[in-house]
Structures are given as structure tokens and as C-alpha cells.
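Biologist: I would like to learn how to read a few features of a structure. Please give the general idea each time, then the case at hand.

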Amino acid sequence: MCGAEVNAQTLRPAPRLVVNITIDQLRTDYMEYFAPLFGTDGFRKLLDGGCVYDAASYPFVPVDRASGIATIVTGTTPYYHCIISTRWLDRNTLRPVFCADDPTYYTSPWRLSTSTVGDELKVSTQGKAVVWGVAATRESAVLSAGHAANGALWIDEKNGKWRSSAYYSTTNPEWLKAYSNMHPVQLLPSKDKTGHKTGAAVSLYSYDYNDAVADVSCSVVSNAVMGRDEIPDLLSITLSASKEDVSNWQVEMEGVYMSLDATLGRLISKIENEVGIDNVLFVVTSTGYADDIQTDLSQYRIPTGTFRIDRTANLLNMYLSAIYGQGVYVEACHGNQLYFNHKLIEQKHLSISDMLLRSQEFLVQCAGVGDVYTSDRLLKGNNDIQRLRNGFNITASGDIIVDVLPGWQLLNEETQETYTSRVSFVPFPIIIYGAGTKAQRVNTPVTVDRIAPTIAKSIRIRAPNACSAEPLF
């Protein structure tokens, strides 16, 4: 019997369509809390009928939307794929760059430095497989689609129409033009905590746009004729479980998760009806982080404070100038990272390792600093800081990363940007449903970099080129 089961497993045909769904800021604790309110076709169908890994996590810190999606589709960490966050500082221009910006095509995945599972599918099928990415935002769409995809779709924040990038094709399919004209998305302005419009730019990161993303995803499956032949296709979708300015999650997130559950139910049912329930494999997970609820901790007498990184950078420059002679050694700061002037250091024939060590010793004495990580320290990759090292990239990250204490806020007074270190645990699952997958619950801790090799194994292709993680099964 065991041999027969193994043979049946081995001979099972590959799914004709893989639908890779990433839900931004999805949390297991919220799913469980609101479970009595769910219908039968969304979360309940996935949890009851899928292989559910309850203890999922990311193998690096810090995680945000862009770095999380990039890791899911590449099966590796920012150390290799280079998407360390949604924005980082360009060393050459000392200006912040957006992860999906492209000087030629405006938007593309060119900053993603490794292959994705969609890329490998294209290579394996000599370009015959159909690969698309769909999201409300352009970075989520193109990063999930990859380099070799047929296209990526996102909502234009100026007019609410669906758009793609000339990187993929200079002309959009006629069905896409017709769909975009017939189904423009109603853009919602940002709101403050009281629900009043702020007059700020439109934010596409909330759950309000999930239905639009799900509808156009179903249209892609239908019009791009996905999942209709023996060549597997891949559709990557990004939804959201977030809402702006949440002050009471039990009250405000109820509507978010009920709406998300209904959206998932419609999406899954439509695709199953279109392709066939046995021919489609759904993979669902989260970006694994949560926006912080801004609270004045001091009114509760909880230890807190503000670490002003631009002032600290100036003080560090004065300290280094006293040791090495006058000069601007720290060129810029972005988020919690400091970028050194490598040209000046080389011109003065100084040891950057010595300078980093002295800087670490200086910074760790500053109020609000929990730890200081230099590029030298991170590149050594000791086990105690492995997750932080995995989130570091030598070409994009700063020379020094300042870790502020829990409860403290990092502020750049020059740009008015704030950064809060996320150290709290965010529980989320990996759910694999459909195409004959056995329903079960797995409590063993797993990491999301194993999703890409699992998809690759299921459709009989090689894993992405920087992926060393094992498949989940």
C-alpha cells in the first residue's frame, strides 16, 4: 500500500495553474479571532481543505511589503535578491530610490537581482508558460511577476485605471485596454484616525482595493487563457489585510477580515470554475509584518524616547574628524542606516574596518541605542545575527545599522521621516490548497523562502537561481 501511495504521488500530474497569493500584513491571531464571521468559501475553505503551516516566519529582518514579496518569489533573502526594503539610499546619488523604479521603463523588476519562480517557469517552457503579477501597487505587481513575465498589472494612482509597464510589452493586450476602460477603480483619499479625509495622496495599500485586484486577476486567467493546457502557468496576486490609522483592532479590523474573506471566496471559486478544481494550486501567505499603532507611551509611563539619527550622524562626523582629520565621513543617513564616504576614506588611505569599529563603540553609548551593526560584523554572518545579516545587502544597505531600543522612535529631523524598529512577533500561516494537496495542519516552524522551491517542485521545474531552501514537501 505504501508503495502504491508513493507511485500515485509521483504520477500525479502537475497543476496547470499556480495561484500565488500574498496578503499584506495578514495575521493568524486576527484570522482566528474573526473566524466565526467567515463564510464557507474563503479562509474556512483554505484552512479546512489545505495543508496549513501554522508557524511561518521570514528568515531575515526587518521585513516590509517589498522585501517580503521578493523573498516569496525568489526563495532567498535580501542578501542575495537585493530588495532590502521598499526604499533605500542609492550610494552614488545619495538619494532614496524606490524598489520598482526603472530609469528606462519607469517601472520594472530590474533591481531584483536573482531569478524568480516565474522566471524559471518561462525558461523551462521556452517562454510558452503564461506568467502574470497583479496587485494594487506597482512594486507588488512587478516584483511578484518577475523579469520574464508576460506582464504585471497595478492601479494607476492618478486615474484609477489598470496599467502595466513597457518593460514587459510596448502594447497592452486589447482585452486589458477594454477592461481598464470599462472597470476603472474608484480611488479613495487617505483618512486620519477620525475617518476624515486628509488631503494627502491616495494610498493603494489598504484592503479597499482587494475586490478590484481579485476581479482583474480573474479576467487575466480568462483572457490570457491560463491553465488550459499541459504547460503550467503562474499568477501572482497581492491582496491586503491592512487599514490606515487603526486605533482599536478588535473593532476596526473586523470589517477588514470579513471583506477579505469574501474576496478570497469569490476569487478561489471563480478560478476553480474556470480552470477546474483539480488543475489549480493555491499558495497563500503573508508579508509577515504589521504597521505599528502610533501611541504616546510616555502617558502610560512606559520607557520611550526619540533617537535623532541626523544629529547623531553629525556628532559621529565630529568624533571621526577628531581622530582622522577634518572631513565628512558620514555622507548620509536613511532610516536607521548610516552611509560612509568611501571615496574620502580611500583618498586618505584610512582603514574602513578601523573606522567602523570606532563608530560602533561611539554609537552604542548613545541614549536609545540597543545595538550597532557594522557591515564588517554583518558580513561575518555569526549565528546570533544571521537573520539581520540575511536582510543586509552589500550594494544597497548602509555601512552601519543602528538598532534602537524597543519603545524608542528613530527620527530624521532633516527629512521628517520616522523609523520604528519592529521586534514583535507577527504570527501568520503558509497555506497550500488544491491540486490534490492533502489537508493537514503542520506545527513545525517553517520559513517563507521554502515557498518558491515548493512551487517549482510541484510544476516540475528548477528552483530560482539563488534559492537554497528545501521544498515544504
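Modeller: What follows takes sheets, helix packing, a cavity and two backbone details in turn.
Modeller: This is a predicted model, in which local features need pLDDT of at least 70 and side-chain atom pairs count only at pLDDT 80 or more, while totals for chains, interfaces and linings use all residues. Residues are numbered from 1 along each chain as its sequence is written, and side-chain values use heavy atoms, with hydrogens and water left out.

Biologist: In what order do the strands of the mixed sheet lie?
Modeller: Strands of a sheet pair through backbone hydrogen bonds, either parallel or antiparallel. Strands here are DSSP runs of E of at least two residues, helices are runs of H or I of at least four, and both are numbered from the N terminus. Two strands pair if DSSP finds at least two bridges between them. In this model, 3 strands form an open sheet with mixed pairing, in the order 12-17-18. Strand 12 (305-308) and strand 18 (417-419) are at the edges with a single partner strand each, so one side of each has no neighbour in the sheet. Neighbouring strands of this sheet are turned by 30° against each other on average, direction ignored.

Biologist: In which sense do strand 12 and strand 17 pair?
Modeller: Strand 12 and strand 17 (residues 408-412) are parallel, over 4 bridges. Gly 305 has Trp 408 of strand 17 as its bridge partner.

Biologist: Which strands make up the antiparallel sheet?
Modeller: That open sheet has 4 strands in the order 13-14-16-15. Strand 13 (330-334) and strand 15 (369-374) are its edge strands, each pairing on one side only. The twist averages 20° from one strand to the next. Strand 14 (residues 337-340) and strand 16 (residues 400-404) run antiparallel and are joined by 2 bridges. Gln 337 stands opposite Ile 401 in strand 16.

Biologist: Where do helices lie against these strands?
Modeller: Contact means heavy atoms within 4.5 Å. Axes are lines fitted to C-alpha atoms, for helices over the stretch in contact, and angles run from 0 to 180 degrees between N-to-C directions. Helix 11 (residues 309-324) lies across strand 12 and strand 17, at about 50° to strand 12. Helix 13 (residues 352-363) lies across strand 14, strand 15 and strand 16, and runs at about 175° to strand 15.

Biologist: At what angle do helix 9 and helix 10 pack?
Modeller: Two packed helices are described by the angle between their axes and the distance between the axes. For helix 9 and helix 10 (residues 249-275) the angle is about 5° and the axes are 10 Å apart. The two are therefore roughly parallel, a label for angles under 35 degrees. Their contact includes Ala 214 and Val 221 of helix 9 and Leu 260 and Leu 267 of helix 10.

Biologist: How many cavities does a search of the whole structure find?
Modeller: A cavity is a set of points on a 1 Å grid over the protein atoms alone where a 1.4 Å probe fits but cannot get out; lining residues have an atom within 4 Å of a point. Grid points are joined across faces, edges and corners, and a volume is the space filled by probe spheres set on the points. The search finds 1 cavity of 30 Å³ or more, with a volume of about 90 Å³. Its lining has 15 residues, and Ala 136, Leu 204, Thr 238, Leu 239 and Ser 240 lie nearest the centre. Strand 10 gives the most to this lining, 3 residues.

Biologist: Which peptide bond is cis?
Modeller: The bond from Val 61 to Pro 62 is cis, with omega near -10°. Pro 62 lies in the loop between strand 2 (51-57) and helix 4 (65-74). As a second backbone detail, Tyr 106 has a positive phi, near 75°, in a residue other than glycine.

Definitions and conventions. 1 Å grid on protein atoms, 1.4 Å probe; cavity = no way out; pocket = protein on both sides within 12 Å on 5 of 7 lines; lining within 4 Å. Parallel < 35°, antiparallel > 145°, perpendicular 65-115°, else oblique.
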